[in-house]
Amino acid sequence: MTDAPLPCPTQSGIVLFLGVPNAGKSSLLNAILGLKLAAVSHKPNMTRFCITGVHTEGTTQMILMDAPGMMQSPQSLMEKTIQTHLKQTLATVDVVVAVVDVNTAFHDRERQLYTLLARETKPVLLVLNKIDTIKKTDLLPMLARYQQETPFWKAIIPLSAQKRQSIDRLLSEIKPCLPTGPWLCAEDDLSTLPMSFLATEATREQIYKHLHDEVPYHLNVTAESWETKRDGSAIVRQIVWVDQDRYRRILLGHKGQMLKTIGEGARQTLARVLGHPVHLFLTVMVDPEWTKQMLLTPGGTAP
Ligand SMILES: Nc1nc2c(ncn2[C@@H]2O[C@H](COP(=O)(O)OP(=O)(O)OP(=O)(O)O)[C@@H](O)[C@H]2O)c(=O)[nH]1
Ligand SMILES: [Mg+2]
């Protein structure tokens, strides 16, 4: 009689990407998933809620959480709420990946991150992102300085999220840190968040891309309805909330052309992620209280 082989144990866990605004956390999530799930912008504070992505490979499943950027001194009620939620999230995850832009590696605003993580008992990894922007000879002294000044990292991984360099190395360093246990999601799940919410992020990304710096911070996008047609396409309706009528006019643009451009960009992103055609309809509404509504209904659901 031969013994049947033991079933291969599965591993699964929650991995949090933490870093200051603009470090490249959302780009890293997208690079691992191989698709554009999280909104990316050159303007800081793009991400307002933790965006999750599910990466399943072999026997391992990682729930990746792309967090809002850590702020030294949050000002508004919205910023303060986001930062409190961020610290609460840190307590619930299995692994922390600190994401740092190599160009700002030892700036003051990064220090709060190192101080916070030095106290952490769970595995903490350091990603040095955007290595495509510096000379290789500048990297070695930086690595040495990290090892000397902040010796608590389980591993330091220099990579480029944008160029998708060394992403496999990061995944292989995360894997041994994950607990053994059943998967938390189905094998083909993309995210733990509803697609209707992720779709609002695609629209917000396009608004950040096309409009003047001032406007994006004065708006929110919420999901209104999502209808799947028999031919597999989706009819998606969203509302863009602004707090003043002048922002509504900027969003609409001349003869509604700006809103049309924004909608077309978001529609294309969504169609790529979903793998089927999308018809996206955007409405702009004015509500001076939209930030309060957003805090009451986090996750971007319609107020
Ligand atoms: N050159 C280069 N640029 C990158 C890389 N990764 C991200 N970026 C750029 O850095 C900017 C910020 O990227 P995001 O991914 O939005 O950064 P984030 O950390 O999620 O920012 P917040 O959500 O605001 O906290 C964008 O313009 C990205 O294209 C990289 O590896 N190389
Ligand atoms: Mg982000």
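In the predicted model, three strands make up an open sheet of mixed pairing, arranged in the order S7-S8-S9. Strand S7 (219-228) and strand S9 (278-286) occupy its edges; each has a single partner strand, so one side of each is left without a neighbour in the sheet. Neighbouring strands of this sheet are turned against each other by 20° on average, direction ignored. Strand S7 pairs with strand S8 (residues 234-242) in the antiparallel sense, over 9 bridges. Within this pairing, threonine 222 has isoleucine 239 of S8 as its bridge partner.

A further open sheet is built from 6 strands in the order S2-S3-S1-S4-S5-S6, and its pairing is likewise mixed. Its edges are formed by strand S2 (51-57) and strand S6 (155-158), each of which pairs on one side only. From one strand to the next, the twist averages 25°.

The pairings on the S2 side of this sheet can be described in turn. Strands S2 and S3 are antiparallel and share 7 bridges; isoleucine 51 is matched with aspartate 66 of S3 as its bridge partner. The two strands form a hairpin with 2 residues between them, and glycine 58, located in the turn, has a positive phi of about 60°. Strand S3 also pairs with S1, in this case in parallel and again over 7 bridges. Here the bridge partner of phenylalanine 17 is aspartate 66 in S3. Aspartate 66 is thus the bridge partner of isoleucine 51 and of phenylalanine 17. Of the 7 residues of strand S3 (residues 60-66), 6 are buried, so the strand is largely enclosed by the rest of the structure.

Strand S1 (residues 11-18) is in addition joined to strand S4 (residues 95-101) by 4 bridges, the two strands running parallel. Valine 15 has valine 95 of S4 as its bridge partner.

Residues of these strands recur in the nonpolar interior. The largest nonpolar core comprises 68 residues, and those with the most contacts inside it are Val15, Phe17, Leu18, Val97, Ala98, Val99 and Val127. Strand S4 gives the most to this core, contributing 6 residues. Because domain 1 (11-177) and domain 2 (195-296) both give residues to the core, it lies between them. Two of the residues named for the core also appear in the strand pairings described above: valine 15, with its partner valine 95 in S4, and phenylalanine 17, with its partner aspartate 66 in S3.

Leucine 170 belongs to helix H5 (residues 167-174). The residue is classed as buried because 21 other C-beta atoms lie within 10 Å, the threshold for burial being 20 or more. Between the C-alpha atoms of leucine 170 and glutamate 289 the separation is 42 Å, the two residues being 119 apart along the chain.

The surroundings of ligand 1 were also examined. The ligand has 24 residues around it, of which Gly24, Ser26, Thr47, Gly69 and Gln162 come nearest. By class, this shell consists of 7 nonpolar, 14 polar and 3 charged residues. Helix H1 (residues 25-33) supplies the largest share of the shell, with 3 residues.

Conventions: Residues numbered from 1 in each chain as written. Chains lettered and ligands numbered in written order. Predicted model: local features only at pLDDT ≥ 70, side-chain atom pairs only at ≥ 80, totals over all residues. Near = placed C-beta within 6 Å. Nonpolar A, V, L, I, M, F, W, Y, C, P; charged D, E, K, R; others polar. Pairing = 2+ DSSP bridges. Axes fitted to C-alpha atoms, helices over the stretch in contact; angles between N-to-C directions. Core = buried A, V, L, I, M, F, W, Y, C linked by C-beta atoms within 7 Å. Buried ≥ 20, exposed ≤ 12 C-beta atoms within 10 Å, placed from the backbone. Domains from an automatic or database assignment.
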